[in-house]
Amino acid sequence: TNSVGVIVGMDLRSNENNRAHRTREMDRERLIVRRGQPFSISLQMSDTLPPKHQLAVVLHLGARDEVVVKVQAGRGAGDRWWFSQQAVQSEMLLTLHSPADALIGQYRLAVLMMSPDGRILQKTGLHMFYLLFNPWCRDDAVYLPDESLLQEYIMNEDGIIYRGSWDEIVSLPWNFGQFEDHVVDICFEILDNSRAALRNSEMDTKSRSDPVYVSRTVSAMVNSNDDRGVLSGRWVEPYSDGVAPYRWTGSVPILRRWSESGARAVKYGQCWVFAGVACTVLRCLGIPTRCITNFSSAHDVDGNLSLDVLINEKLENMTGSGDSSWNYHCWVESWMRRDDLAAGYDGWQALDPTPQERSDGVYRCGPCPIKAIKEGELGVKYDAPFIFAEVNADIIHWIVQSDGRKRVDQNSVGRNISTKSVYGNFREDVTLQYKYPEGSQKERAIFEKAGRRVTHPTNGEAEPEKLQLSIRHAQPVFGTDFDVIVEVKNDGEQDATAQLTVLCLAVTYNSLHRGECQRRTTSITVPAHKAHREVLRLRYEQYAACVSEHHVIRVLALAESARHNEPVLESTNIELSVPELHIRISGKAFLHEEVTGVVSFTNPLPVQLRGGVFTVEGAGLLPATEIPVPGVLNPGEEVAVRFSIKPSRTGLRRLLIDFDSDKLKDVKGVATVLVHKRSRLSTMAQPHFQL
C-alpha cells in the first residue's frame with residue numbers, strides 16, 4: 001500500500017496549551033509555552049499509521065536553523081526533549097516534553113513519518129511556537145516557589161515606579177503591558193539584535209537557556225549606547241526631536257516604536273523609563289522581575305566609595321569629577337539561580353539598564369546578587385562595586401575657602417530602597433536586603449571589607465558653640481508661591497555673629513544644575529541659646545523660568561562665623577507637587593464593547609497653558625492614544641476631554657493618563673476598570689441599540 005501522505009493536518013492546540021502554560025493573555029491563536037512543562041499537539045490522519053512505521057518530531061531554532069533538535073520518541077530523561085503519542089479515532093495526539101533548561105526562543109516544528117528502514121516518507125510543513133522560561137517549574141533556574149509573588153512579578157501588567165526624594169516619595173503608575181499584542185515577538189527581536197547575536201548567532205542562540213546570559217543581554221539592549229538598543233537616554237532639555245522621558249506612561253509604545261523603525265533607538269529615556277522597559281521584557285520572557293528605586297543614589301565614577309562635593313563660599317559647585325548624587329535612581333531585580341557562582345547567591349539579582357558605566361566594554365550592569373552587595377563581596381560578578389557604591393558611598397561636602405578646604409558635612413546614600421508590594425499598590429521597603437542597619441557594627445565591618453574608609457561623625461562635645469542649621473518648608477504645589485525657613489540655632493554660652501548664605505537652585509533628579517531661583521547673604525547675630533529665622537519667599541515667576549521638568553528645588557544654607565573655625569552647611573530638596581487628573585468611566589465595561597471615559601484637569605498655574613496634550617493607555621484596554629487640547633487654557637480654567645475604549649481582555653485593568661503642555665508637564669492620573677464578559681443569556685436579554 002502506498003502510505004505517503006497519512007498526515008493531513010496539524011493543530012497546535014494553542015488555546016488549551018496556552019491556558020495551561022499561563023500565556024493565554026499573550027495570545028490565543030499562536031502557541032506560546034514554558035519550558036519544563038509538557039504540551040500536546042494533534043495530527044489529523046487520513047488513515048492509521050502503517051505497521052512498523054514511526055513518527056519523528058524535529059525542532060528548528062535560530063534565524064538560520066543554527067540549532068536542530070531531534071525529539072526522542074518514548075519516555076526520555078529530564079535533560080532532553082522527548083514525546084509520547086496516542087492514537088484517538090482519526091487523530092494522533094503527540095505530547096512534547098521539554099527539559100527545564102531548554103533554549104528559549106522561536107521554534108519551528110515539523111513531524112515526519114518514517115518507513116521501517118528509516119526513510120522519510122512524509123514531512124509536514126513547519127509550524128511556529130515560542131518557548132519561554134518557566135518560574136513555575138521546580139527545575140528551571142528562574143523557579144520561584146510562591147504563587148502570590150508570581151502573580152505580581154510575572155503576571156501583573158501594571159505597576160508603580162517610585163520617584164521623588166527619600167523624604168517625599170512619589171508613585172508613578174506604569175503600564176508594563178508584557179502580554180499586549182506582539183510584545184513577545186519584540187522581546188526576541190531585542191535579543192536577536194544584540195551585539196553577540198549579530199556577531200555569532202549560533203553561540204548566542206545556544207546561550208539562551210541561561211537567565212544570567214539573557215538578563216545581561218537585556219540590560220545592555222534596553223539602552224542604545226553600544227548597540228541597536230531600544231532607548232536613547234537624555235537628561236536635559238530640549239527633547240524636541242523625540243518624546244520627553246516624562247511623557248511615557250508605559251513600555252509598549254516604546255517597544256513598538258523601536259520595532260517598527262527597524263531597531264532604531266527611541267528618544268528619550270531616563271532611569272525609570274529604562275527600568276520600566278527592562279521589567280516588561282524580562283517578565284514577558286518569563287523571568288520574575290520587579291522595579292527598584294534607590295533614594296539618594298551615588299554615582300561613584302572613580303570607585304573610591306566616596307563622593308567629594310566641593311563648594312565655594314558662594315555655594316557654587318566646583319566638583320570636577322563625574323561623581324554625582326541622584327535624588328533617586330531606578331533599576332530592576334530579577335529572580336534566578338546563580339549556577340555560575342559559589343553557593344549562597346541565588347535569589348534577587350540587580351540589573352541596571354540605564355547607561356552609566358561600561359561593564360566588559362558595554363553599557364550594562366548586572367545581574368549582581370543583592371546578597372553580595374549586602375555582604376560587601378565586591379568580587380562577585382557582575383558589577384558589584386558599582387551597585388555597592390550606589391547604596392553605600394559617602395557624600396562629603398567641602399567648602400573651599402581662600403585658606404584651603406574644610407569638610408562641612410556628610411550625607412548617607414541608599415535610603416528607603418523601594419519596590420511595589422505584591423499585596424497592592426503600596427510601597428515595600430527593601431533597604432535591609434541591600435545593607436545592614438545604618439550605624440550598626442555589622443555595617444562598619446562590611447565597609448572595612450569593601451575598602452570604604454569608616455568615617456566617624458565628629459564628636460559633638462568638642463564644639464558646643466557650633467551653630468546648627470535646619471531648613472523647613474511646607475509641601476508646595478507647583479504654580480504657587482511658598483516660604484522656605486532657614487533656622488540658625490546657637491547652643492553656645494555667648495552670642496554668635498555669622499554670615500548666612502542661602503541659595504535656592506533648580507536641579508534635575510540626577511543633580512544637574514538648571515539655574516538659580518534666589519540667593520540671599522546676610523550678616524546675623526544669634527543670641528546665646530536662641531535661634532535666628534530667615535524666611536525666603538519663593539515666587540512662581542522666579543522659579544518657573546529655571547525649574548526642570550522634575551519640579552525639584554534644592555536649598556543650600558551656609559553659616560560662617562568669624563569665631564568658629566568650622567563653617568556649617570545644610571541642604572534639602574523640595575519636590576513641588578503637581579495636581580492629579582480626574583478620570584471618570586461611564587457605565588460598566590464589557591469585552592469588545594465601546595465604553596466612554598472623560599478626563600478633566602484644572603490649570604493650577606497663574607499663567608496660560610498652550611499645546612496641551614493628553615496621552616491615554618492601558619494594557620487590555622487601548623494602545624497609547626494622544627488627544628490634543630486646542631487653544632489656550634487660562635489660569636483656573638478646567639478642560640475635559642472624552643475618549644472611548646474597547647477592551648480586548650477581561651479582568652481588572654488600569655488606565656493611565658498623562659497631561660503635558662508648554663508650562664506644565666508630567667501630570668498623571670490613573671483609573672481602574674473592571675472588564676466583564678457578557679454571558680450568552682445577558683446578551684440575549686439585552687439587545688443594545690446604538691442611538
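How many salt bridges does the count come to? The count comes to 38 salt bridges. The model is predicted. Three of these pairs, one shared-partner network and one buried asparagine are briefed below.

**E152 and K420**

- E152 and K420 form a salt bridge through their side chains, with N to O at 3.0 Å.
- This pair links distant parts of the chain, 268 residues apart.
- E152 sits in helix 2, which covers residues 147-155.
- K420 sits in strand 24, which covers residues 415-420.
- E152 has a relative accessible area of 6%, so E152 is buried.
- K420 is buried too, because its relative accessibility is 7%.
- The cut-off behind both labels is under 20% relative accessible area.

**D340 and R338**

- A salt bridge joins the side chains of D340 and R338, at 2.9 Å from N to O.
- Is R338 buried or exposed? R338 counts as buried, because its relative accessibility is 2%.
- D340 has a relative accessible area of 32%, so D340 is partly exposed.
- This bridge therefore pairs a buried arginine, R338, with a partly exposed aspartate, D340.

**R537 and D483**

- R537 and D483 form a salt bridge, and their closest N and O atoms are 3.0 Å apart.
- R537 lies in strand 30, residues 531-538, and D483 lies in strand 27, residues 482-489.
- The pair therefore ties together parts that are 54 residues apart in sequence.
- R537 is partly exposed, because its relative accessible area is 35%.
- D483 counts as partly exposed, because its relative accessibility is 30%.
- Partly exposed covers the range between the buried limit of 20% and the exposed limit of 50%.

**A shared-partner network**

- Which residues do salt bridges with shared partners join into one network? They are E25, E157, E180, R649 and R653.
- The network's acidic members are E25, E157 and E180.
- Its arginines are R649 and R653.

**N18 and its contacts**

- N18 is found in helix 1, which covers residues 14-20.
- N18 has 0% relative accessibility, so N18 counts as buried.
- What does N18 touch, leaving aside residues up to four places away in sequence? N18 touches T23, R24, D27, R28, R30, L31 and I32.
- Arginines among these contacts include R24, R28 and R30.
- D27 is one of the contacts as well.

Terms used:
Residues numbered from 1 in each chain as written. Predicted model: local features only at pLDDT ≥ 70, side-chain atom pairs only at ≥ 80, totals over all residues. Heavy atoms only, no water. Salt bridge = Lys/Arg side-chain N within 4 Å of Asp/Glu carboxyl O. Helix = DSSP H or I, 4+ residues; strand = E, 2+ residues; numbered from the N terminus. Buried < 20%, exposed > 50% of the residue type's maximum accessible area, 1.4 Å probe, protein only. Contact = heavy atoms within 4.5 Å.
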